[in-house]
Amino acid sequence: IAMDDVMGRVVSIRRFERDPGTGSDPHRHPGCHTFGYVLEGTYEFKLNDGPVQQLKPGDTFYEPPNSLHAVSRNPSKTDVVKFLVIQVSDTTKPATVPEKK
């Protein structure tokens, strides 16, 4: 959804499900303010050099633009994790960039 009163910004809201034991590689969102809300399960989250957090239903997270999303995973061996991601994005910058190893 374009934000007409905030030039060049778009809002997206997506629901994610992550299977047990799965996650994503470290990455950055250069042009996005990223907000998350855990719906079900446990979500492990680490930003930059901070601690790994175990988020439960009702917990939230925030990633400022270009922060390193170092850990994004479902630590459960049996349960799916479900969460919402809301992003306010600058369309002139990449949405996601993998972290170089």
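Trainee: How many aromatic pairs does a search of the whole structure find?

Mentor: In this predicted model, the search finds 6 aromatic pairs. One of them joins Tyr43 and Phe45.

Trainee: Why is the pair of Tyr43 and Phe45 called tilted?

Mentor: Let's take the distance and then the angle. The ring centres of Tyr43 and Phe45 are 6.3 Å apart, and rings pair if their centres lie within 6.5 Å. Their planes make an angle of 40°; under 30 degrees would count as stacked and over 60 as edge-to-face. The pair is therefore tilted.

Trainee: Which cluster do ring pairs build?

Mentor: Phe16, Tyr43, Phe45, Phe61 and Phe83 are linked into a cluster by ring pairs.

Trainee: What makes Tyr43 and Phe45 buried or exposed?

Mentor: Tyr43 has a relative accessible area of 1%, and Phe45 has 2%. Buried means under 20%, so Tyr43 is buried and Phe45 is buried too.

Trainee: Which residues make up the largest nonpolar core?

Mentor: There are 9 residues in all: Val38, Tyr43, Phe45, Leu47, Leu55, Phe61, Val81, Phe83 and Val85. Strand 5 (43–47) and strand 9 are the elements that give two or more residues to this core.

Trainee: And the sheet: why are strand 1 and strand 7 called edge strands?

Mentor: The open sheet has 4 strands in the order 1-9-4-7, with antiparallel pairing. Strand 1 (9–18) and strand 7 (60–63) each pair on one side only, which means that they are the edge strands.

Trainee: How do you know that strand 4 and strand 9 pair?

Mentor: At least two bridges are needed. Strand 4 (residues 32–40) and strand 9 (residues 81–90) have 8 bridges, in the antiparallel sense, so the two strands pair.

How values were computed. Residues are numbered from 1 along each chain as its sequence is written. This is a predicted model: local features need pLDDT of at least 70, side-chain atom pairs count only at pLDDT 80 or more; totals for chains, interfaces and linings use all residues. Side-chain values use heavy atoms; hydrogens and water are left out. A nonpolar core is a set of buried Ala, Val, Leu, Ile, Met, Phe, Trp, Tyr and Cys residues joined through side-chain atoms within 4.5 Å. Buried means under 20% relative accessible area, exposed over 50%, partly exposed in between (1.4 Å probe, protein chains only).
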